[in-house]
Protein chains: 4
Amino acid sequence: MPDALPPDAVSTDYKPLLERIAADIAPLLGSGTPAEYIPALAAVDPGQFGMAIADLDGNVFGVGDWQVPFSAQSITKVFALALALAEGGDSLWERVGREPSGNPFNSLVQLEYENGIPRNPFINAGALVVTDRLQTLTGDASSEVLEFLRQESQNPDIGFDAEVAASEQGHGDRNAALAHFMASYGNIDNPVPALLEHYFWQCSIEMSCADLARAGRFLARHGLRADGSRLLTRSEAKQVNAVMMTCGTYDAAGEFAYRVGLPGKSGVGGGIVAVVPGRCTLAVWSPGLDARGNSVAGVAALDRFTTLTGLSVF
Amino acid sequence: MPDALPPDAVSTDYKPLLERIAADIAPLLGSGTPAEYIPALAAVDPGQFGMAIADLDGNVFGVGDWQVPFSAQSITKVFALALALAEGGDSLWERVGREPSGNPFNSLVQLEYENGIPRNPFINAGALVVTDRLQTLTGDASSEVLEFLRQESQNPDIGFDAEVAASEQGHGDRNAALAHFMASYGNIDNPVPALLEHYFWQCSIEMSCADLARAGRFLARHGLRADGSRLLTRSEAKQVNAVMMTCGTYDAAGEFAYRVGLPGKSGVGGGIVAVVPGRCTLAVWSPGLDARGNSVAGVAALDRFTTLTGLSVF
Amino acid sequence: MPDALPPDAVSTDYKPLLERIAADIAPLLGSGTPAEYIPALAAVDPGQFGMAIADLDGNVFGVGDWQVPFSAQSITKVFALALALAEGGDSLWERVGREPSGNPFNSLVQLEYENGIPRNPFINAGALVVTDRLQTLTGDASSEVLEFLRQESQNPDIGFDAEVAASEQGHGDRNAALAHFMASYGNIDNPVPALLEHYFWQCSIEMSCADLARAGRFLARHGLRADGSRLLTRSEAKQVNAVMMTCGTYDAAGEFAYRVGLPGKSGVGGGIVAVVPGRCTLAVWSPGLDARGNSVAGVAALDRFTTLTGLSVF
Amino acid sequence: MPDALPPDAVSTDYKPLLERIAADIAPLLGSGTPAEYIPALAAVDPGQFGMAIADLDGNVFGVGDWQVPFSAQSITKVFALALALAEGGDSLWERVGREPSGNPFNSLVQLEYENGIPRNPFINAGALVVTDRLQTLTGDASSEVLEFLRQESQNPDIGFDAEVAASEQGHGDRNAALAHFMASYGNIDNPVPALLEHYFWQCSIEMSCADLARAGRFLARHGLRADGSRLLTRSEAKQVNAVMMTCGTYDAAGEFAYRVGLPGKSGVGGGIVAVVPGRCTLAVWSPGLDARGNSVAGVAALDRFTTLTGLSVF
């Protein structure tokens, strides 16, 4: 690896690194296709790219469109999971597994073979169970997630995108099928329409790479929030990272681990959050997706990051 | 985590740590069931337990039955994969995927839906492809694996167990089905009976925790062999670790990542090899298996290791 | 076959035959279990049994509880199919197949592999498509089916059972999942809640064996209704019978063909309608179901019928 | 149906009917594709067509290439089934089901979900079980089938085609996979290589439409052989016809019942045998296959037959 930077080069100022990564992946901008099933997402300019790194000391470095808000989509599932664990504890795992699914994110097949218990909290079915749990625990699941993101990112302007939420609702038959299907197995506690509404609102949250890198810092800090209070135990934080590693990028978790080698969670808005435990959190965004729903330039940028720094967990 | 040892306590002498782990998991000895489908394995004393750690300097520490040879079984798949990559390069990945399977290790279902391309090199179908590739590259796949293990462990006494190999052959219909099935898709190059023979011999290799920890050291050393020569590039070593993390423990990879948080590969003989990249390699063995084919005491010991040392990758 | 009656014995008066069948199957009464998922059905007395035969001349013969109304449930799917074909023609087959499913009646698995096109009109998914089509064609699918049944049976008292309909609605998550799932593939035209309501009302229709035998006579008369007008072409009537033969009894169509050898359609209320083309229509009812949802005594009575008369189509 | 012949027109001389059918389907000759996976079959002239009808009195009528031998392939499965039932009785059904599969003829998926019990005797897996049973009962399964066909057709020249058998063996990995897979569940008694050999020889039998119509007459005669002796009970004959109806034409049994409405069994050689119980047996042959492996012109000719005569069982 002749192009690996020395370790100390990455410990203080990530700005030059980010600029090099941005230059390296520039040829990929515009590759892939923005998510098409939600009109509001399909309309986004595919040539955008942003990346941010938040270190443990509270510094945030960025490049490109790192301060432009985008639709967080499935990335919010990490935060919903952390909140459901923080507020309700381990019993969540009786209702959702921790294994990779080997199937597309919205498949019903495995759900049927496994009697309504979703494989993990990051496929849609599992995320619906998490939101259902959070709704029971807090009475307002989507607001809970939004509030947490605002606090951790210290950005009170983060908000829902009503147009995106409506668009998801209007194309929500597959998620409605998943929710009703699990309800038929007794694995949904709240009324399906209310659950779906919270789920769609949660997915519609808009935030920038800067916000996202800050908000995910508790995963690099072994469970400690921005204000120093503890959200998750050290073990729980490790566990969330582990689930991200094995299940965080749809049906491409193996590929992501192979190329990037970091716990990460992607969204069809083109964003990805990744964690270097004990060191920093990364957020990257570019709307063009590959066939499995992950940002083409985003994955490439993270790949570049671990190649240049050697900071893969492997 | 009140019981975590300070980092420097683990950097020199792992012996006290191993003894503490052995004491902690002692209540689990005898739990689980030795593999029953191979008579030669079913007869083993289930109360045995051994664990070894090999550091980057060549030191090996052990506890319990760490020098007792056991049947390596699927653990050999890691070494076959490394050798196939070292000798034949990346083209292997055209014939086998890198994604977790979401199915039992010997399932044919996914193989059919995906036209004879196994999900990853650690389910049986994928391991058969790797052995097929290694056989084409070297002309004697099973000897190649054996020879590598002898060299890396510096133990020329490591050998095949003819009784186990014969027992596997006698119960080999499922593997024969997998091999013929892939052959029907054109994904097997060698004659199926010869391939199966090499596969069964490879699985029958007997070695101890001490041997295994030494032999797996190249994965902690980013691809460097015991003699300092390079087996895999830094990238390839990272990739093998990543595949172990997402696919190394049958249908429990998510659970293993969640509890242990290290790349690992288990075998139905009750052994597991795990890697702390850049630090050390662990080998553990206890014959009692859980429902998904992983050693009960072995997983617990590795869980204990990462809890006590904080050396999980997450 | 020492107990086969001579052919002419069955051509005029079916009463003695029905009495013999009722005596023969008496030991089975109370076997099996009434459908449990709908409380209103679970409460029925499992020892009841009725059977009726309607010949082409308009005569109806009966035995036992042949005039007691029961919940027709899935049997109504035959009538909905006939009406959808009569009013909308062959284009229905672009939205639903004609092949046996090889899966339980409410499975989503095959639906996913086949992109939202149900295998046949008698599994729940297919019946939802048929009801959706009938709703589009008529504006009031469930009333259309009810009205047809009243006319053909000449019994204006046939009606919906509001309690059963409400009970199905209350346990309707699986059907809601199926409908939303197909809607996600664009294979449902009407709003899902309205569609489900019609579907549940249709299933709740109460009628007796006498009513059912009369109502199904058009299938024995190659498409001619009670009043002599044509509902289906001769070809279409043959086709509906064929679909009943290969798909009419859930995942036991092969078994039903093997034992009974007549086109038939069963319901979880314990009723079955069967057709001897060109000769007569049979209706049988007994609430105890086997593991695949077909009436234990009902199937046995039909088996007895074809054994005694030789009137199997095979 | 303005073009239906009066019933009595079909009772004596089928020759004019066959000529009319041949004329009607002439435009289809050359449609479809001969089976390609066996080179010896792919080489056949696709424009050939023959059809024969054998009535209960022993008369045989034919048209076109009705005396040209072709590769019987899967059609032999009917005869193997009848022989296995005749010689071993009902216990066969403990090892193979009677339900349509809902999957392609050589799928392993359902076999895995159902623990090595094939869905029916006409998919490859089920036929292998039948041949395995016949081999255990007789010691020479393929010769037993051949001898039966010679006797029933009164044609001692019917024989195996060694080139086809060798070609099947050479492309036999999928069937080897099926056999080993079932052996892994304990559902194969004979050594897999010997079983496969008998299976491939059986499939290679060459016979003409004239031979086939004669040989299948016992199914129209409720179990009586050509010499008046009883092969199957009336019930068993009915049952074989029922299994043909629900499972005889691969994954198109529903379609075949819908269009033709007769029990039938097809082979990838382009032949089909069909039964009008109590009346006659039909054999048709034309090499061009549709996407599901059934003869295009053959199905059309049978469809024409039931349309013209009204002799569908429905």
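**Exercise 1. Describe the salt bridge that A:Asp251 forms with B:Arg119, and place it in the contact of chain B and chain A.**

Solution. Step 1: A:Asp251 and B:Arg119 form a salt bridge whose closest N and O atoms are 3.2 Å apart. The term requires a side-chain nitrogen of Lys or Arg within 4 Å of a carboxyl oxygen of Asp or Glu. The model is predicted: local features need pLDDT of at least 70, side-chain atom pairs count only at pLDDT 80 or more, and totals for chains, interfaces and linings use all residues. Residues are numbered from 1 along each chain as its sequence is written, chains are lettered from A in the order in which they are written, and side-chain values use heavy atoms, without hydrogens and water.

Step 2: Between chain B and chain A the count is 6 salt bridges.

Step 3: Helix 12 (234-247) and helix 13 (253-259) of chain B each supply at least two residues of the side that touches chain A; helices are DSSP runs of H or I with at least four residues, numbered from the N terminus. Helix 12 of chain B gives the most to that side, with 9 residues.

**Exercise 2. How much area do chain B and chain A bury between them, and which residues of chain B lose the most?**

Solution. Step 1: The contact (heavy atoms within 4.5 Å) takes 36 residues from chain B and 36 residues from chain A.

Step 2: The two chains bury about 2900 Å² between them, 55% of it on carbon and sulfur atoms. Buried area is the accessible area (1.4 Å probe) lost on putting two parts together, summed over both.

Step 3: B:Lys238, B:Tyr258 and B:Phe314 lose the most area to chain A, together 30% of what the chain B side buries.

**Exercise 3. By what turn and shift can chain B be laid on chain A?**

Solution. Step 1: A turn of 180° with a shift of 0.0 Å along the axis lays chain B on chain A with an RMSD of 0.0 Å. The superposition is by least squares on C-alpha atoms of residues with pLDDT of at least 70 in both copies.

Step 2: The two copies are therefore related as by a two-fold rotation axis.

Step 3: The copies meet through the same surface, because 100% of the interface residues of chain B are also interface residues in chain A.

**Exercise 4. Which salt bridge does C:Glu255 form with chain D, and how many residues does each chain give to the contact?**

Solution. Step 1: The side chain of C:Glu255 meets that of D:Arg98 in a salt bridge (2.7 Å, N to O).

Step 2: Chain C gives 37 residues to the contact and chain D gives 36 residues.
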